[in-house]
Structures are given as C-alpha cells and as structure tokens.
Amino acid sequence: MGTRPRRFLGIFTFIEPAYFKKESFTFIVTMTQIAIFLITTLHELISDKPGCTLYYFGAVNAPSITVYKQFWRLLTAVFLHANILHICMNAAATFSFGFRLENVYGTKNLMIIYFVSGIGGSLFVAAFKGAGVGASGALFGLMHMAFYCD
C-alpha cells in the first residue's frame, strides 16, 4: 500500500512526504512570499496612504519601468500579492508543482525556470496591462516544466 500524502497546515494534501523538504527552494520562496504578504498587509493597515503599498514595495508599473528605469520591479513583483486569495492560490500551486519538479530536475534548474518565467510574466504585464503583482508568470513556467518537459 502506498504512502498517504502529508497534510501541511491541514489544507495541502497533495505533497508527498518524499518530496517535502523545508530547506528546498520551493519551501523558501513560498514562505518568503507569505512573509512579504504579511508585511505589506500590515503596512497597508497602518499607512497614511492606503492603496499605495504594493507600488512602494515594487509592483510592476509600466511608466516606472520604462521612464524611470526601475527594472528591479520586474523581480520584486513576483514576491508581492494583492489579497489573501491570491497568495493562497499561488502558494498552493507553487507547492503542488515545485516540490516534485525540484526533486526531478534539481534546485538550480527550478530556480532558473522560476525566475526567468517570473520576470517574463512581469514584462508581459508591463507591456499589455500596465501594472500588476504576483507569481503567476513563474507558476506558468513551472506548469510548462511539469507538462511539457515530462
């Protein structure tokens, strides 16, 4: 009989014990995103300018990137999330794909795909939407790695 999936915080039941490692890139990047979400949420609550928090922390903003040359926003936006549902869905997707892919393809390859895809997603947002946050571009890179490269 196979091993039962490990329950993480009582909600994630798709992580197999063989893949789950607290020192993995997947775990570290997801916990970093959650910590940054908590910091930005706290900042939003105590700020005298509500609604500007994500911009201050580095959201993708096309004029800031093109006119003011703030290219760092292409990376920092990957670590920012707009609301609790956004961070929960991205964390679940990162855990779902990340641990298995990191085990199969290695940490270095996963990091390259994650960051290149994340920056690519930020470029896409800057070009076509103008402003945004989130790790969706990075997650699409992980999904591509999972489905296409398998």
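Read along the sequence, the secondary structure of the protein chain follows the order β-β-α-α-β-α-α-α-α-β-α. In this predicted model, the chain therefore comprises seven helices and four strands. Of its 150 residues, 39% are buried. Among contacts between residues at least 6 apart in sequence, 66% join residues at least 24 apart.

Helix α5 covers residues 84-105. At 1.5 Å a residue, its 22 residues should span 32 Å, and because the C-alpha atoms at its ends are 30 Å apart, the expected and computed values agree. The helix nevertheless bends by about 30 degrees at G98. At the start of α5, a side-chain oxygen of N83 comes to within 3.2 Å of the backbone nitrogen of L85. Just after the helix, G106 adopts a positive phi of about 95 degrees. The buried residues of α5 are H86, I87, N90, A91, A92, T94, F95, F97, G98, F99, L101 and E102. G98, the site of the bend, is thus listed among the buried positions. An α-helix has 3.6 residues a turn, so residues three or four places apart point the same way. Such a spacing can be followed in the buried set of α5, which includes H86, N90, T94 and G98.

Helix α1, formed by residues 25-46, contains T26. With a relative accessibility of 1%, T26 is classed as buried, because the cut-off for this class is under 20%. Leaving aside residues up to four places away in sequence, T26 touches T94, F95, G98, F99, E102 and L110. Among these partners, T94, F95, G98, F99 and E102 are themselves buried residues of α5. The side chain of T26 is also joined to that of E102 by a polar contact of 2.8 Å.

Helix α1 further meets helix α6, which consists of residues 107-128; the two axes come within 10 Å and cross at roughly 35 degrees. On the α1 side, the contact is made by F25, T26, V29 and Q33, and on the α6 side by T107, L110, M111, Y114 and F115. Classified by type, the residues in this contact are six nonpolar and three polar, with no charged residue. T26 accordingly takes part in the contact with α6 and also touches residues of α5, including G98.

A contrasting position in helix α1 is I39. At 48% relative accessibility, I39 counts as partly exposed, because this class lies between 20% and 50%. I39 and F57 are separated by 18 residues in sequence, and their C-alpha atoms are 9.9 Å apart in space.

Notes:
Residues are numbered from 1 along each chain as its sequence is written. This is a predicted model: local features need pLDDT of at least 70, side-chain atom pairs count only at pLDDT 80 or more; totals for chains, interfaces and linings use all residues. Side-chain values use heavy atoms; hydrogens and water are left out. Helices (H or I, at least four residues) and strands (E, at least two) are DSSP runs, numbered from the N terminus. Buried means under 20% relative accessible area, exposed over 50%, partly exposed in between (1.4 Å probe, protein chains only). A polar contact is a pair of N or O atoms within 3.5 Å; within protein, one must be able to donate a hydrogen and the other to accept it, and residues adjacent in sequence count only if both atoms are side-chain atoms. Contact means heavy atoms within 4.5 Å. Axes are lines fitted to C-alpha atoms, for helices over the stretch in contact, and angles run from 0 to 180 degrees between N-to-C directions. Ala, Val, Leu, Ile, Met, Phe, Trp, Tyr, Cys and Pro count as nonpolar, Asp, Glu, Lys and Arg as charged, and the others, Gly among them, as polar. The expected span of a helix is 1.5 Å times one less than its number of residues. The bend at a residue is the angle between axes fitted to the seven residues ending there and the seven starting there.
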